[in-house]
Amino acid sequence: TTVRIGFARGETAHDPVALVRKIVTPLDVTGRMLPNAVGYVRIRSFGAQSAQQLDAVLAKLRAASARAYAIDLRADGGGYRDAAIAIASHFVRGTIVTTQERTGKPAAFGAKPGIAPLDAPLVVLVDGDTASAAEIVAAAIQDDKAGTLVGTRTFGKGLVQETFALPDGGAIKMTTARYLTPAGRDIDTVGITPDVVVAQPPGAHPGEPGHDPQLDRALELLRDASGTSTAKPG
């Protein structure tokens, strides 16, 4: 449908503008180049198409000669475990996450074959709203020492939940297992402490260099890591 919106700038009124309303679905993964050849990748959630979107973003950044990467997982509430494993496979070799049910042996999930490692300095931005699948990726990178985590402690959701249908047409969502990091850490209710803790002050503009202290610190680390294969915790 169409809606007409009237507006004014200062004391001057302008003619109404006709806008067609539609459902807009933002991409889970976006990216752009920042100064000093740093590829900035924002992952908003881990949906069914997130891994494919990351593939496309990284291909464009590589084509633009990115030499280092800042992966922004702030305010990412998570999503599908399979998407987290596929995305983490770009950065981590070996085990990415392990699940442990109440009984039985733990089940380990490793990096997907056929995905070339990023092989570049890497910093991952996290905050108190980084949760679930986003924490799987952040913890795997931290345990593997594939990059440096910057920001504040993450949310701390390390539970596997499944939905079961009920006879009356309803459903029940139950916790069936716990997530453990590659190093065996249980982060539920605890979260992940970044390698470099940087508080975000009020009025910051996430994703804007010069107005985002956490991103600015990440860019400093990437600049210092020039000429090395990874940005190690300092």
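Tutor: Before we read this predicted model, one convention is needed for helices lying on sheets: axes are lines fitted to C-alpha atoms, for helices over the stretch in contact, and angles run from 0 to 180 degrees between N-to-C directions.

Student: At about what angle to β3 does helix α1 run?

Tutor: Helix α1 covers residues 50-63 and lies across β3, β4 and β5, the last of these being residues 68-72. Since angles are taken between N-to-C directions on a scale from 0 to 180 degrees, the sense of each element is already included in the value. For α1 against β3, the angle is about 15°.

Student: In what order do the strands of the open sheet of six strands stand?

Tutor: The pairing in this open sheet is mixed. Its edge strands, each pairing on one side only, are β3 (29-34) and β12 (196-197). Reading across from β3, the order is β3-β4-β5-β8-β9-β12.

Student: Which residue of β4 stands opposite R32?

Tutor: Strand β4 comprises residues 38-43, and six bridges join β3 to β4, the two running antiparallel. In β4, the residue that stands opposite R32 is Y40.

Student: Is N36 buried or exposed?

Tutor: N36 sits in the loop between β3 and β4, and it has a positive phi of about 65° although it is not a glycine. Its relative accessibility is 53%, and the class for values over 50% applies, so N36 counts as exposed.

Student: Which loop holds A75, and why does A75 fall into its accessibility class?

Tutor: A75 also has a backbone feature to note, a positive phi of about 60° although it is not a glycine. A75 lies in the loop between β5 and α2, where α2 is residues 81-88. Because its relative accessibility is 47%, and buried requires under 20% while exposed requires over 50%, A75 counts as partly exposed.

Student: Is I187 buried or exposed?

Tutor: I187 is placed in the loop between β11 (171-180) and β12. Leaving aside neighbours within four places in sequence, I187 is in contact with E135, G156, G158, T181 and I192. With a relative accessible area of 8%, and the limit set at under 20%, I187 is therefore buried.

Student: What distance separates the C-alpha atoms of I187 and S132?

Tutor: Both residues belong to the lining of the largest cavity, which also includes V97, I136 and R185 among others. Along the chain, I187 and S132 are 55 residues apart. The separation of their C-alpha atoms is 9.6 Å.

Student: Which element gives the largest share of the lining of the largest cavity?

Tutor: The count comes to one cavity of 30 Å³ or more, and the largest cavity has a volume of about 70 Å³. The elements that give two or more residues to its lining are α3 (133-144) and β11, and the lining divides into six nonpolar, three polar and three charged residues. The largest share, three residues, comes from α3.

Student: Which element gives the most to the lining of the largest pocket?

Tutor: The largest pocket has a volume of about 260 Å³, and its lining consists of 14 residues, of which G79, R81, V160, Q161 and Y179 lie nearest its centre. Two or more lining residues come from each of α2, α3, β10 (159-165) and β11, and by character the lining divides into six nonpolar, three polar and five charged residues. With four residues, the element that gives the most is β10.

Methods: Residues are numbered from 1 along each chain as its sequence is written. This is a predicted model: local features need pLDDT of at least 70, side-chain atom pairs count only at pLDDT 80 or more; totals for chains, interfaces and linings use all residues. Side-chain values use heavy atoms; hydrogens and water are left out. Two strands pair if DSSP finds at least two bridges between them. Contact means heavy atoms within 4.5 Å. Buried means under 20% relative accessible area, exposed over 50%, partly exposed in between (1.4 Å probe, protein chains only). On a 1 Å grid over the protein atoms alone, a cavity is a set of points where a 1.4 Å probe fits but cannot get out, and a pocket is an open set with protein on both sides within 12 Å along at least five of seven lines; lining residues have an atom within 4 Å of a point. Grid points are joined across faces, edges and corners, and a volume is the space filled by probe spheres set on the points. Ala, Val, Leu, Ile, Met, Phe, Trp, Tyr, Cys and Pro count as nonpolar, Asp, Glu, Lys and Arg as charged, and the others, Gly among them, as polar.
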